[in-house]
Structure formats: C-alpha cells, structure tokens
Amino acid sequence: MIRRGTRRSPRGPERRPEGAKMAALSGRARGALWVALLALCGTVLALLAVVLARTYAPRSPSPAPELWARRSRQQRLEPTFSPQERRELKEALQGAIRMQTVSFSANDQNTTALAEFEPYIRKAFPAVFSAAFIKHEVIGEYSHLFTIQGSNAQLQPYMLLAHIDVVPASPDGWDVSDPFSAEERDGFIYGRGTLDNKNSVMGILHALEFLLRRNYRPHRSFYIGLGHDEEVGGRKGAMKIVAELESRGIQLSFVLDEGSFIFDGIVTGIEKPVASIGITEKGAITANFTVTSEPGHSSAPPKRTSIGILSEALAKLEQHPMPNLFGHGPEILMFEQLAPDFSFPLNVIMSNLWLFGPLVGRFLEQTPTTNALVRTTTAITMFHAGVKSNVIPPSANATVNFRIHSSQTVDEVLGIVDKTIDDKRVKIEMESAFDPLPVSPWDDQTFGVQVFRQTIQDVFPDVGSVAPGICVGNTDSRHFVNLTNAIYRFNPVIFKPEDLPRFHGLNERISIEGYEKQVQFIFQLIQNSDISQSTEPHANHEL
Ligand SMILES: CCCCCCCC/C=C\CCCCCCCC(=O)N[C@@H](CCCCN)C(=O)O
Ligand SMILES: [Zn+2]
Ligand SMILES: [Zn+2]
C-alpha cells in the first residue's frame, strides 16, 4: 500500500505535500525567530547592565585627602567678620559702584572715573597699600597690578583677576532710580558692576585687607590684576599686565578670573546648586558683511538692492546654524561629572552619553544658554543701510558676532560661512578673531582644582557638585595663556535663572549676603593656597 505523501519520487527525494512543507518551514522560522528574540533580549539586558553600571558606579571622593589633612593641621583663620566689618564691606562696594567706570568702546572710556578709582581703593584698603611685602603698580594708566610676596619663595605664585570697567547702563527700565546709585533694596545692592565685576575687584582687595588686619602673611606669593578695559578687549589693561609679567619671567600656578558662577536652578534636573568652573572659553569672530550697488532713483529700481542681497545672506546664516557639536568638546565633561546629581531618569541619561549623547545634544540646543554650549553661535548684532526713502542704497553693512565652539577654529567657521552664503557680491571683512582657548587641566591632582574644591566646600557647604564648565563669553584671562596652562573662570556667587537677564542688562544686583560669601571665599582661598603642592617643582619663585 502506498501511503499518500510518503512515496519517494523517482526524480529525487521524497516530496512532501504543501501543508506539511509549510509546517516544517514555519517550524524552522519559529526556531530562528526564537534565537533572534533571545539574542535581542541578551543584547538589551547587556546594554541595560552597562547603562545601570555606569549610572550607579561609585565615584572617587574629592579632593585628594592627604594634601588637605596636612592643611588642616596648619592654623587657619575663620572667615567670620564683625558687624562693623560687614558694614564696611557693603559700603566699600557701594562706593565702587557709584564710580561710573564705563567702557563705551576701546577708544571711549570714562577715564575720569577710572583715574578716580586709584585714590578710592587706596583709602578703602589701607593695610593692602601699606604692607611692606605688597607692591602696587599702575599699568596702562588705569589698571592695577599687586604683587604679594609670600614668605615661602619655593611655592609657585598664582593670580587673581578682575576688571574695574563696566558696560554702559541707562536708567530706563531699572527698578532703582539710577544704575550707578548702588541703592540697597530688600537685601540687595543694585547697580552696574555688582555682578560684573566690581564685586570681584572689591571682594579680592577686601579679603586681603581683612587677612592683613589679622596679621596674616601669605606663604605663597600671588598677584592681583585689575584690568580697566576688559569690556572692550583688554588691550590697554590685561595685555599690558601680561607683558609686564612675561618680561619678569613669571610662570603661574593658576589664574582665577570671572566667567562662571554657582548655578542654582539653572541646570534642569539638578536640585542642589552647582559650582561651575570655566576650564575654557569660546573663541570669537566679529566680521563685517558689506554689499555695494549702484545708487539711483527708487522709481526705477534694479531687481535687487544691496539691502535685499545682504538680508538674504544674513537670513541664510540664521536659517543654517553651525553644526551641533555636543560631545566634541569639553562641554561633555560638565554633564558627565554632574550625572550623579541629576534626578531619575536624567541621571541614567547623563551617565550614558556614549548612548544618549545625540539626544542630549538636541535637548540642549532648545534654549539659548545651553545652545551656546553645543555649537558656534551666530548673532547678527548691527545693520546699517539706506540714506533716504527714494534713493537706492549705495551699500548695506552688517556686523555678525560668532562665538566659536571648542572643537572648531576661526578658519573652519569662516569656511562654513562662505559656503552657506555662497554669494560673491557679499564682501566679508574680519574685525577681530581668535580661536577657542586651550582647555585647562581638570583633575584632583591639579593644585588650583584642589584649592577651589576645598574653598567651595568651606564656604558653600550646600553646593552639590563642583564641575568643569565652559565660559561662553570672553574674559581678560584669555590673554594669560603664556603664563600658565591652568586658567579658571569662576565668580563665587549664587546665580539664579532670574539673574541671567541682569548680566549686562537691567537691574544688575548682588545680595549683601552673597557678597559677604564672595569675600569669605577669597579669604579662604588665599589661606587654602598656602599649602605646598606636592607635585610642584622645587624652584625658587622669588618675585
Ligand atoms: C548648564 C549650564 C548653563 C550655563 C549657563 C550659562 C549662563 C551664562 C551666565 C553668565 C554669563 C557669564 C559670562 C561671563 C563672561 C562674559 C564677560 C563679557 O561679557 N565679556 C565680553 C568681552 C568683550 C571683549 C571685546 N570684544 C564678551 O564676551 O563679549
Ligand atoms: Zn566681566
Ligand atoms: Zn561684562
């Protein structure tokens, strides 16, 4: 008997009926599917294990313990000030704010106010100006250089920077009657320069003054540089201070300038304040874009005028922003180090930027402040064209200010600009340009970093993390690259979201308590810098 479906074909192997063949095939497919599914589950589980391990891995404690154990054995003055000293602090800052040391442009500064600043600080800080081991020099007419000769010439000196000049401020829109009145209101001092940067100028000198009045003699030498033209580039102030120090063959352990803050409520997903210390600053290009065309009567216009051509070029720049470079520069360090401080699930995302980096990059570009961290920004800041309503304009001119991301250069940015505009009628001339600044070391072995960590811990115990940051603006410290590789930008002041528009804007202010904390910070920083650095070479740093 021949059973159906089992008969061998004379031409080859036994033929199965279609249903059985399908069943056999789908059995094989099911098997393969199971294998694939198991492999997928394995991969997902492995990925999850890596993601969780990176999120919850224990972090090494900071700062380096032996160094600070030694420090605590030395005697340290407490940063506590009497009621009279606190009044003196406040009034000295108010007096400084009232001096209208405005920089309008590199060639237009209020030199009368700048000149008056010297007698003002001489009077406010008698101990600083009379100490035998402190030398004061006026540089470039209105800037100041203080050399504080420490008692131990073996220790490499450091430098504190600040600037005396301020950006202009008209009374319109201020809550107080005058931006230079230094009015006290609800525990704040209002006025131009309260955050940028007379708080540092006066804070540094007052901390030193109080230490000297307590007979403190610094062990480590240091310099204080007070520039008078930071807001217009620092050519006559900071650059001359640098030239002076270079001529003396000085090398610095670190430089500390303005440029970042203790951010409170600014980083979405982190509850505690974050001390962000700028380890670099962006480069910049200021370029002029010009289009010229034949002038004539507006009743018989050409198809395109210089204004139209230039507007189109500028619109292309705005419509095609520079590439998002999150992960290509040091901004990633900030988020990596802050990762454990983020609440769930952001902590998982930030701990695994190898996986979520592109997502985070897209998120950061949504708001102007964080967008500035991830790309070269393009700001059209000035536009001039036209002379009369019925005259075809002979030319149109615009100024564009680019701030260059750490992973790009001036040349690369200009290449992109050329390609984006792609119009020979638009002439581009450079007003000024410089590449992003080098990235300063950020590890627990670096002396400056140890000092900052310790000092922040001493004065701001509520700060959750001390993290490396990027300064999106420019500071006088960028001129100091030949004197040290360790340049840090940090203003020890709590900065909240509502302070953002006050910076260079309306109602700039500092809380009186915040200013006292800033003075305490410098007071402690000078003392904390007085330990010997185990890693530094045994050179003689006689100044
Ligand atoms: C998650 C991190 C959030 C980062 C938030 C950034 C908030 C920014 C807040 C403050 C800005 C601080 C910038 C301080 C330095 C700027 C100083 C300045 O204005 N410099 C001028 C120099 C001009 C020189 C002449 N061309 C400038 O940069 O324009
Ligand atoms: Zn400033
Ligand atoms: Zn400024």
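Which residues does the UniProt annotation "binding site" (unreviewed entry) cover? In that record the annotation falls on Asp196, Glu231 and His504, and selecting these residues is a convenient way to begin a tour of this predicted model. Although they span 309 residues in sequence, no two of their C-alpha atoms are more than 10.3 Å apart, so they gather at one spot.

**Stop one: Asp196**

Centre the view on Asp196, which is found in the loop between strand S7 (188–190) and helix H6 (198–213). Because its relative accessible area is 3%, and buried means under 20%, Asp196 counts as buried. If you then display what surrounds Asp196, leaving out residues up to four places away in sequence, you will find it touching His163, Asp165, Val166, Glu231, Glu258, Phe503, His504 and Glu508. Two side-chain pairs deserve a distance label here: Asp196 with His163, a polar contact of 2.9 Å, and Asp196 with His504, a polar contact of 2.8 Å.

**Stop two: the zinc ions**

Next, select the zinc ion (ligand 2) and show its protein donors, which are His163 through NE2, Asp196 through OD, and Glu258 through OE, with Glu258 listed twice, at 1.9 to 2.4 Å from the ion. The angles among the 4 donor atoms run from 57 to 152°, and the site is irregular. Read along the chain, the donors of this zinc ion (ligand 2) follow the spacing H-x32-D-x61-E. Distant parts of the chain are linked in this way, since His163 lies in strand S5 whereas Glu258 lies in the loop between strand S9 (255–257) and strand S10 (262–263), 95 residues apart. Both of these donors are buried, with His163 at 1% relative accessibility and Glu258 at a relative accessible area of 6%.

Now add the zinc ion (ligand 3) to the selection. The zinc ion (ligand 2) and the zinc ion (ligand 3) are 3.3 Å apart, and Asp196, already on display from the previous stop, coordinates both.

**Stop three: the annotated active site**

Which positions carry the UniProt feature "active site" (unreviewed entry)? The record places this feature at Asp165 and Glu230. They span 66 residues in sequence, yet no two of their C-alpha atoms are more than 6.8 Å apart, so they too gather at one spot.

Take Asp165 to begin with, in the loop between strand S5 (158–163) and strand S6 (184–185). Is Asp165 buried or exposed? At 0% relative accessibility, Asp165 counts as buried. Apart from residues up to four places away in sequence, the residues that Asp165 touches include Thr101, Gln109, Asp196 and Glu230, and the side chains of Asp165 and Ser103 are joined by a polar contact of 2.7 Å.

Then move to Glu230, found in the loop between strand S8 (222–227) and helix H7 (238–247). Glu230 is likewise buried, at 9% relative accessibility. Setting aside its neighbours within four places in sequence, Glu230 is in contact with His163, Asp165, Glu258, Asn474, Thr475 and Asp476; among these, His163 and Glu258 are also donors of the zinc ion (ligand 2). A distance label between the side chains of Glu230 and His163 will show a polar contact of 3.3 Å.

**Stop four: ligand 1**

With Glu230 still in view, switch on ligand 1. Of the 17 residues around this ligand, those that come nearest are Glu230, Gly233, Arg403, Asn474 and His504. From Glu230, a polar side-chain atom lies 3.4 Å from a nitrogen atom of ligand 1, while from Asn474 a polar backbone atom is 2.7 Å from a nitrogen atom of the ligand. His504 also takes part, with a polar side-chain atom lying 3.4 Å from an oxygen atom of ligand 1.

**Stop five: His504**

Finish at His504, in the loop between strand S18 (494–495) and strand S19 (509–511). With a relative accessible area of 41%, His504 is partly exposed, whereas Asp196 is buried. Not counting residues up to four places away in sequence, His504 touches Val167, Arg192, Asp196 and Glu231, and this list leads back to Asp196 and Glu231, which share the "binding site" annotation with His504 in the UniProt record.

Note on methods:
Residues numbered from 1 in each chain as written. Chains lettered and ligands numbered in written order. Predicted model: local features only at pLDDT ≥ 70, side-chain atom pairs only at ≥ 80, totals over all residues. Heavy atoms only, no water. UniProt positions renumbered as here; feature names shortened; annotations may be inferred. Helix = DSSP H or I, 4+ residues; strand = E, 2+ residues; numbered from the N terminus. Buried < 20%, exposed > 50% of the residue type's maximum accessible area, 1.4 Å probe, protein only. Contact = heavy atoms within 4.5 Å. Polar contact = N/O pair within 3.5 Å; in protein donor to acceptor, adjacent residues only side chain to side chain. Donors = N, O, S within 2.8 Å, 3.2 Å for Na, K, Ca; no water. Tetrahedral: all angles 85-135°; square planar, octahedral: opposite > 155°, others 65-115°. Near = heavy atom within 4 Å.
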